[in-house]
Amino acid sequence: MRRGFVLIAVLIVIAAAILVATGAIFAARGAVLGSRAADFDRRLRDAALDGVALAADAIAAQRVAVLAGATPEVDAELLRIADGARQFEVRLVPLANGELVQSEAGKLDVNEAAPSVLAKPVESASEVARQLIEAMSARRPNSSVDASIALVPVARSLDALREVLGPMRALGEERDEAEDGAARARGAEFPPLVSLYTTLGAEPLVDNAGNPRLDLVAAFRDDSSGGPATASLERFEDVEREALQALVKESKDPLDDAAIVRALLGRGVALPRIDELVASSTLEEGTHGAPRIDIVRADARVLAALDGIGPDIAARIADLRETLDEKERLGTSWLVSRLILTPEQYGAVAGRLTHRSALWRFRVESRVVQGEDGESGAPADEPRGVCAFDCVVDISPESHRLAFLRDVSMLRSARVIAADAVARSAEDQSELPKTADSSDAEATDDGPPTERVILPRSEPRAIDSPPQDATMPGVPVRPTRGRVSATGRDIGGAGQP
Amino acid sequence: MTRGFSLLEALVGVAIASAFLGAIAIFTTNLGDSRARLARSSREIVCIESVFGAIERACASAVVSGGQQGAGIVGNETSVRIVCSTIGLGRDGQQIFSELGATAVSFDPGSRRISLRRGGSLDMIGAPVREMRVRYLAVDGWQDAFDTAEGAGFPVGIEVSVWFDRASGTEDELPADAVPDRSRFFRVMGAPRVDPLAIRRIDREREAAREEQR
């Protein structure tokens, strides 16, 4: 009897010891997993930031060619970092247009363009898209188009997310799965707002080789006083110099660079020479000028929104720009030589058009992938995840800068939280009648897109047909000779007076 | 017939029991000390990781101007505030999907605690800290304060050093050359590039200046 009691007591003590030891082991394991997750997160972010630097360097390495009008060529795979049994893969992911990089000059500047111009591309888009553009027009200066999602109520935030980022709202494996479908739907779907609008549209005042453009106003002023800029005016032929000098000295109002085109056209200067002179000189002051639209890469909706262009001319530009030769790509005067615009029409809009982009948007994503031996890169108990950065690099300065850099790794979490908030909001309002555009949490975010209408495009016409009349009532004149600063995260552009 | 223990047996028994109890006492004391050390060390690691992690994340996507959020990077020797571009999760006073968020880290000498503010939420870090020093590497050398609103753009990086309070409230001033318990340099993404050799030279010059002062 006594022996049995002692045995039971010993067993209880052993069982308690085992329980305590098990608890301690699990606690230690939890701590290890927690610190491993933090370490994994840090490595993933470091890898993604290395990828951002690499991609920016790769684009900047092509600075001269890109500033002359080329599109930067980059490899999707940036880095593969072996880390024990796993591998970190860092790559550029396709943007909404299917390309790895996207021109920021091909977009309308939401901080600079007139509200009526901003509204045109989204006339056939959803109501949410139109509301977002209205909100951004009313809330200048905007730090970025991406930030506009927060301008709508939470109940519509998922709709806004889809309108602003489109397929770019998905990351990692989710994006892989959506990519095939997105590729099929691409072209039929209305592009996301980040593909049509920007806050980084200011034109860098550098020439096709990356050197600062000649400030004509300062140069001719200096010329009369015999200053050092006199030498820089020697690049002009006599007739060009006379035309530009008259333009600068006789004009009382500050002009945009379209005035250079008009002055040179008026003196019968050849179109390629006009391209050359417009690319290397300016009437604007400082490092950056008024936003210009990249006619080689802009969406037809963006071109159509410009006063003086309109939908028909935009469609013709979109049709013909793929057929340009290398010389034509060095400027915008092919709009005249290809009989899309008359010289008068071209002289009216030339100050708002460009043939190149110095700012390029891309997204870098880092994640764990399968090792080369075919084994899974991440063991079952390893944390999984993806780290992503949206970035815009500006290659106009000799040392490129990151004009926009946003950590978008939490997009998926934010979507889940927003879907939950939308569902709760819908439950709260379940007794109220549903409006036509009321949001449904999951269906809204992952369901089929709202019906949209593509902008009407005219049939391509023969190049010898006469150009249409300009829709612009008069020649735009900039009110003052203001100094435009570069905008972006590192120079204090957003929110600055 | 019952037989008691002899004196020798009793003495040996008492000696063994005393030695055993002494060993247990020493073991228990050591175990308690180790446990306290481990708990303190663990608390310090958690504290510093949360502080360093927050600064690291913020530096990765810092912006110079945050509009209504204020200047991008502003700070002095004991605090730093960084506005960065991220995805708002609808908490800490941020709206969901908002773009800009602010992270502020500051040291309060009174309470000997580091506070970490993200958006509208304020966390006091558990581990007691004797001192926290922040300095900023600009292109022309180290600075004790930095403000992007003064047109300074980004610093090359931010160095944060922490000395934990392990002697429960020591009031002595920390020696200038005291080695920090944890220190890390955070590079600001997209900041001016500085040659590592130049940074080393700047460090040497600073050390020489300190020596001269002494």
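This passage walks through a predicted model with chains A and B, moving from chain A to chain B and then to the contact between the two.

A good place to begin is the overall make-up of chain A. The secondary structure of chain A comprises 16 helices and 14 strands. Of the 497 residues in chain A, 45% are buried. Among the contacts in chain A with a separation of 6 or more, 74% are between residues 24 or more positions apart.

Helix α9 of chain A, which spans residues 258-266, offers a helpful entry point to the interior of this chain. Because seven of the nine residues of α9(A) are buried, this helix is largely enclosed by the rest of the structure. The buried set consists of A258(A), A259(A), I260(A), V261(A), R262(A), A263(A) and L264(A). Several elements of chain A contribute to the cover over these residues, including α8 (238-250), α10, β8 (281-282) and α14 (343-349). Just after α9(A), the backbone at G268(A) adopts a positive phi of about 75°.

One of the elements covering α9(A), helix α10, can be followed more closely. Two packed helices are described by the angle between their axes and the distance between the axes. For α9(A) and α10(A), the latter covering residues 271-280, the axes come within 10 Å and cross at roughly 150°. Angles over 145 degrees count as roughly antiparallel, so α9(A) is roughly antiparallel to α10(A). The crossing of α9(A) past α10(A) is right-handed. On the α9(A) side, the contact is made by I260(A), V261(A), L264(A) and L265(A), which meet I274(A), L277(A) and V278(A) of α10(A). Sorted by class, the residues of this contact are seven nonpolar, no polar and no charged. I260(A), V261(A) and L264(A) thus appear twice in the description of α9(A): they are listed among its buried residues, and they take part in the contact with α10(A).

A second helix pair in chain A is formed by α5, residues 157-165, and α15, residues 411-428. Their axes lie 9 Å apart and the helices pack at an angle of about 140°. This geometry makes α5(A) oblique to α15(A), which means that the pair falls outside the roughly antiparallel class. From α5(A), residues S157(A), L158(A) and L161(A) meet R415(A), A418(A), A419(A) and V422(A) of α15(A). The contact of α5(A) with α15(A) contains five nonpolar residues, one polar residue and one charged residue.

Further along chain A, helix α12 runs over residues 310-320. Its buried residues are I313(A), A314(A), A315(A), R316(A) and I317(A). These buried residues of α12(A) pack against α11 (300-305) of chain A.

Attention now turns to chain B and to one of its sheets. Strands of a sheet pair through backbone hydrogen bonds, either parallel or antiparallel. In chain B, four strands form an open sheet in the order β7-β6-β9-β10, and the pairing is antiparallel. Strands β7 and β10 (182-187) are the edge strands, each pairing on one side only. From one strand to the next, the twist averages 25°.

Within this sheet, strand β6 of chain B, residues 129-138, is mostly covered, with seven of its 10 residues buried. Along one side, β6(B) pairs with β9(B), residues 157-164, in the antiparallel sense over eight bridges. Y136(B) has I158(B) of β9(B) as its bridge partner, while V134(B) stands opposite V160(B) in β9(B). The pairing of β6(B) with β7(B), residues 141-143, is also antiparallel, and this pairing extends over three bridges. Here A138(B) is bridged to G141(B) in β7(B). The link between β6(B) and β7(B) is a hairpin of two residues.

The last feature to consider is the meeting of the two chains. On the chain B side, 26 residues are in contact with 33 residues of chain A. Helix α1 of chain B, residues 7-60, supplies the largest share of the side of chain B that touches chain A, namely three residues. By class, this side of chain B is made up of 10 nonpolar, 14 polar and two charged residues.

Definitions and conventions: Residues are numbered from 1 along each chain as its sequence is written. Chains are lettered from A and ligands numbered from 1 in the order in which they are written. This is a predicted model: local features need pLDDT of at least 70, side-chain atom pairs count only at pLDDT 80 or more; totals for chains, interfaces and linings use all residues. Axes are lines fitted to C-alpha atoms, for helices over the stretch in contact, and angles run from 0 to 180 degrees between N-to-C directions. Angles under 35 degrees count as roughly parallel, over 145 as roughly antiparallel, 65 to 115 as roughly perpendicular and the rest as oblique. A crossing is left-handed if the near helix is turned anticlockwise from the far one by less than a right angle, and right-handed if clockwise. Two residues are in contact if their C-beta atoms, placed from the backbone, lie within 7 Å. Ala, Val, Leu, Ile, Met, Phe, Trp, Tyr, Cys and Pro count as nonpolar, Asp, Glu, Lys and Arg as charged, and the others, Gly among them, as polar. A residue is buried if 20 or more other C-beta atoms lie within 10 Å of its own, exposed if 12 or fewer, and partly exposed in between; C-beta atoms are placed from the backbone. Two strands pair if DSSP finds at least two bridges between them.
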